[in-house]
Amino acid sequence: MRRLMVAGNWKMHGTRSSVAELLKGLKSQEFSATVEVAVFPAFLHISEAVEALRGSGIAVGAQDLATQSAPGALTGEVAASQLMDAGCSLVLIGHSERRQVIGEDESVLVAKFKAAQEVGLVPVLCVGETLAEREAERTLEVVGSQLDSIIDALGVEVFTRAVIAYEPVWAIGTGLTATPEQAQDVHKAIRDKLAARNAEVAQGVRLLYGGSVKAANAADLFRMPDIDGGLIGGAALNADEFGAICRAAGS
Ligand code: PEP
């Protein structure tokens with residue numbers, strides 16, 4: 001039985017005071033013990049989040065990491081080992097904003113995935129197609145090849161210690177959400193693809209859906225058999241809305 005996960009990606013949002021308010025709001029939420037809850041603040045706010053959420057059961061992750069796991073001479077980067085030391089347990093890898101805006105390619109993502117696991121951080125690998133790719137009926141090909149980059153380089157077994165987030169790029173921050181059926185189809189295809197290599201890994205790995213999830217649509221998405229929770233952007237910046245999404249996962 002897979003434990004559902006709801007994770008909030010705060011992106012490049014927040015000031016010290018707004019983050020303090022958000023953390024206070026999160027601590028006042030009721031969460032079901034059956035759901036794993038995590039937040040991904042900007043690097044600057046990780047320590048504050050770790051301190052504030054200590055004992056709350058809410059995990060803290062980072063939105064990025066360096067391609068090398070050990071600290072060293074690499075100006076501006078943050079090493080996986082430093083994230084562990086700061087109290088992170090998870091890290092996002094391959095978010096579409098990093099793939100498309102920053103230009104991270106598959107070799108960079110493989111290196112980051114490997115660096116995370118070397119120190120025990122759990123990578124949350126984001127995959128997803130653009131609108132043009134969906135319209136050209138290339139969704140499964142695109143998502144499949146994003147997964148293959150990791151599988152070919154590191155082996156399918158790495159997904160025993162990772163989470164996958166399917167995030168159609170056309171649904172991120174747009175207010176357009178994949179229907180539960182559209183999302184389920186892709187999630188099932190991802191699980192089938194992994195199962196063709198290793199059935200046990202495929203059964204155990206959590207597949208989150210991301211793309212304009214809100215309290216109003218969360219329960220319908222989370223009801224689908226291969227959707228094991230959500231990666232939430234905009235709605236994660238409001239503690240009550242995020243709390244309601246987490247409760248939808250626990251219901
Ligand atoms: C995201 O950026 O990971 C995301 C899912 O954003 P939103 O929920 O705002 O669409």
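Val156 touches Ile151, Leu194, Arg197, Asn198 and Val201, leaving aside residues up to four places away in sequence. The model you are looking at is a predicted one, and Val156 is a friendly place to start exploring it. Look for this residue in the loop between α7 (139-154) and β6 (163-166). Is Val156 buried or exposed? Its relative accessibility is 5%, and buried means under 20%, so Val156 counts as buried. One of its contacts, Arg197, is 41 residues away in sequence, yet the two C-alpha atoms are 6.8 Å apart in space.

**Helices α7 and α8**

From Val156 we can move to the helices around it. Helix α8 covers residues 180-197, and α7 packs against α8 at an angle of about 40°, with 11 Å between the axes. The crossing of these two helices is right-handed. On the α7 side, the contact is made by Thr139, Leu140, Val143, Gly144, Leu147, Asp148, Ile151 and Asp152. On the α8 side, the partners are Val186, Ala189, Ile190, Lys193, Leu194 and Arg197. Ile151, Leu194 and Arg197 also appear among the residues that Val156 touches.

**Helix α1**

Now turn to helix α1, which has 12 residues, 16-27. How far apart should its ends be? At 1.5 Å a residue the helix should span 16 Å, and the end C-alpha atoms are 17 Å apart, which agrees. Val19, Leu22, Leu23, Gly25 and Leu26 are the buried residues of α1. Seen down the helix axis, these buried residues fall within an arc of 160°, so they line one face of α1. A general rule helps here: an α-helix has 3.6 residues a turn, so residues three or four places apart point the same way. On the other side of α1, Arg16, Ser17, Glu21 and Lys24 are exposed. The cover over the buried residues of α1 includes β2 (35-40), α2 (46-53) and α11 (239-250).

**Helix α2 and its partner**

How do α1 and α2 pack? Their axes are 10 Å apart and meet at an angle of about 25°. Angles under 35 degrees count as roughly parallel, so α1 is roughly parallel to α2. Their crossing is right-handed. Arg16, Val19, Ala20, Leu23 and Lys27 of α1 meet Glu48, Ala49, Ala52 and Leu53 of α2.

Within α2, the buried residues are Ile46, Ala49, Val50 and Leu53. They cover an arc of only 100° around the axis, which puts them on the same side of α2. Covering these buried residues are elements including α1, β2, β3 (59-62) and α3 (80-86).

**Positive phi angles**

To finish the tour, here are three residues with positive phi.

| Residue | Phi | Place |
|---|---|---|
| Gly55 | about 85° | just after α2 |
| Glu137 | near 55° | loop between α6 (131-135) and α7 |
| Ser212 | near 55° | loop between β7 (206-210) and α10 (215-222) |

For Glu137, the positive value occurs in a residue other than glycine, and the same description applies to Ser212. Which of the two labels, buried or exposed, fits Glu137? With 75% relative accessibility, Glu137 counts as exposed. Ser212, in contrast, has a relative accessible area of 16% and is buried.

How values were computed. Residues are numbered from 1 along each chain as its sequence is written. This is a predicted model: local features need pLDDT of at least 70, side-chain atom pairs count only at pLDDT 80 or more; totals for chains, interfaces and linings use all residues. Side-chain values use heavy atoms; hydrogens and water are left out. Helices (H or I, at least four residues) and strands (E, at least two) are DSSP runs, numbered from the N terminus. The expected span of a helix is 1.5 Å times one less than its number of residues. Buried means under 20% relative accessible area, exposed over 50%, partly exposed in between (1.4 Å probe, protein chains only). The arc is that of the directions from the helix axis to the C-beta atoms. Contact means heavy atoms within 4.5 Å. Axes are lines fitted to C-alpha atoms, for helices over the stretch in contact, and angles run from 0 to 180 degrees between N-to-C directions. Angles under 35 degrees count as roughly parallel, over 145 as roughly antiparallel, 65 to 115 as roughly perpendicular and the rest as oblique. A crossing is left-handed if the near helix is turned anticlockwise from the far one by less than a right angle, and right-handed if clockwise.
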